[in-house]
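Please open the model in your viewer and keep the sequence panel visible beside it. The tour below proceeds by selection, one stop at a time.

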Amino acid sequence: MILISKQQIDSFLHFITSHETFIIVGHKEPDGDCISSSLGVSFILSKKQKNFIMLNAGPFKRTEIKNYAPLFKNSLPFMTKDERDATGLIIVDCSEFSRLGEIDGDLKGFDTFIIDHHKTASVPDGAESIIDPTSPAAACLVQQLFEALVGLPSREEAHTLFFGMATDTGFFRYLNANDAEVFRLAANLTENGAVPRQIYQEMTGGKQWNTRKLLGILLDRAERYCNGKLVLSYEKIEDTKKYGQGGRDTDAFYTLMLATEGVEAVVFLRQESDFNCTAGFRSKTNCDVSAIAAKFGGGGHKNASGASIEGIIENLIPAIIKEFSKVL
């Protein structure tokens with residue numbers, strides 16, 4: 001991980017001093033890093049005595065983030081032209097407007113600053129940014145900005161930032177030899193009140209019984225391809241109707257499958273509607289799933305990416321296998 005530069009810190013400071021009001025927004029179907037990054041930016045703005053609103057299209061499906069849902073709105077309040085001109089838009093944990101989802105109101109046209117860490121990130125015209133794919137979590141970037149511009153976090157702030165860091169690092173399981181700075185950032189947070197044991201319980205506990213039953217179905221449907229290097233499973237619309245959308249635990253599915261001998265990559269497909277699927281791609285060290293996700297209109301990290309794809313599961317499976325067969 002490469003630490004952000006003084007120039008990047010100064011650029012963000014100039015952005016927040018140039019506006020009095022802010023909109024903070026992260027990607028649709030938020031995860032812990034998205035929520036943590038949004039809140040982390042709000043902590044900075046509060047210390048700088050700036051007004052802000054936090055937006056997110058949701059849905060807040062993940063068990064560990066449901067308690068944060070009331071802090072976010074999904075509609076932009078009416079603004080006059082002068083009010084829009086005085087407002088800064090801060091996008092966290094993504095860079096594309098399409099990834100923000102269905103938010104009521106036009107988010108384009110604001111002065112924009114992006115804080116992101118995805119390999120496939122791209123900056124809209126005119127936006128400023130801190131985009132660093134070497135950072136394992138957007139929360140790590142926000143923490144550096146907080147410490148540089150505000151100082152030491154409170155216990156609540158440390159807890160929130162640690163939560164985001166822990167989410168995207170798989171509680172530090174996905175880090176590499178060059179990620180020592182992440183542990184230094186984590187140490188700063190624990191020294192200021194973050195409790196790793198408590199945060200781990202928040203991330204992994206409280207799963208609904210239906211998620212255990214659905215996990216069993218996903219395991220039963222899982223098939224291997226590409227000489228056993230790829231595992232793929234799927235969820236049908238009728239599964240969603242039966243077991244609900246809340247607390248889905250695909251992370252456990254990815255973990256179990258990637259721990260299987262010979263498996264290099266895992267795909268999970270979910271039929272969201274009659275004409276659309278979402279896809280999750282995970283891999284071990286060498287397989288770049290962000291490149292494959294990009295072929296289907298998605299993106300993300302080298303070892304963790306996703307996409308929203310038009311089509312049905314039966315037709316998408318052969319197309320996805322074809323792309324993986326080129327690299328596995």
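Select helix H2 and display its molecular surface together with that of its surroundings. In this predicted model, H2 is mostly covered, with 14 of its 16 residues buried. The helix occupies residues 32-47. From the first C-alpha to the last, H2 reaches 22 Å, which is close to the 22 Å expected at 1.5 Å a residue. Then move along the chain to Gln49, which follows H2 and has a positive phi, near 60°.

**Cysteines**

Next, select the cysteines and show their sulfur atoms. How many disulfides does the structure hold? The number is zero. Begin with Cys94, whose closest cysteine sulfur belongs to Cys34. The two sulfurs are 7.0 Å apart, and a disulfide requires a pair within 2.5 Å, so this distance is too far for a bond. Cys94 is also buried, at 2% relative accessibility.

Now centre the view on Cys140. For this residue, too, the closest cysteine sulfur is in Cys34, but it lies 15 Å away, too far for a bond. Cys140 has a relative accessible area of 0% and therefore counts as buried.

**A pair of helices**

Two packed helices are described by the angle between their axes and the distance between the axes. To examine such a pair, select helix H5, residues 155-168, and helix H6, residues 180-191. Their axes come within 9 Å and cross at roughly 150°. Angles over 145 degrees count as roughly antiparallel, so H5 is roughly antiparallel to H6. The crossing of H5 and H6 is left-handed.

Which residues meet between these two helices? Show side chains for Ala158, Leu161, Phe162 and Met165 on the H5 side. Opposite them, in H6, display Val182, Leu185, Ala186, Leu189 and Thr190.

**Leu328 and its contacts**

For the last stop, select Leu328, located in the segment after helix H12 (313-325). Is Leu328 buried or partly exposed? Its relative accessible area is 25%, so Leu328 is partly exposed.

Add Leu230 to the selection and draw a distance between the two C-alpha atoms: it is 7.9 Å, although the residues are 98 apart in sequence. Leu230 is one of the residues that Leu328 touches, when residues up to four places away in sequence are not counted. Complete the view by adding the other contacts of Leu328, namely Cys226, Lys229, Glu264, Ala265 and Cys287.

Conventions:
Residues are numbered from 1 along each chain as its sequence is written. This is a predicted model: local features need pLDDT of at least 70, side-chain atom pairs count only at pLDDT 80 or more; totals for chains, interfaces and linings use all residues. Side-chain values use heavy atoms; hydrogens and water are left out. Helices (H or I, at least four residues) and strands (E, at least two) are DSSP runs, numbered from the N terminus. The expected span of a helix is 1.5 Å times one less than its number of residues. Buried means under 20% relative accessible area, exposed over 50%, partly exposed in between (1.4 Å probe, protein chains only). Axes are lines fitted to C-alpha atoms, for helices over the stretch in contact, and angles run from 0 to 180 degrees between N-to-C directions. Angles under 35 degrees count as roughly parallel, over 145 as roughly antiparallel, 65 to 115 as roughly perpendicular and the rest as oblique. A crossing is left-handed if the near helix is turned anticlockwise from the far one by less than a right angle, and right-handed if clockwise. Contact means heavy atoms within 4.5 Å.
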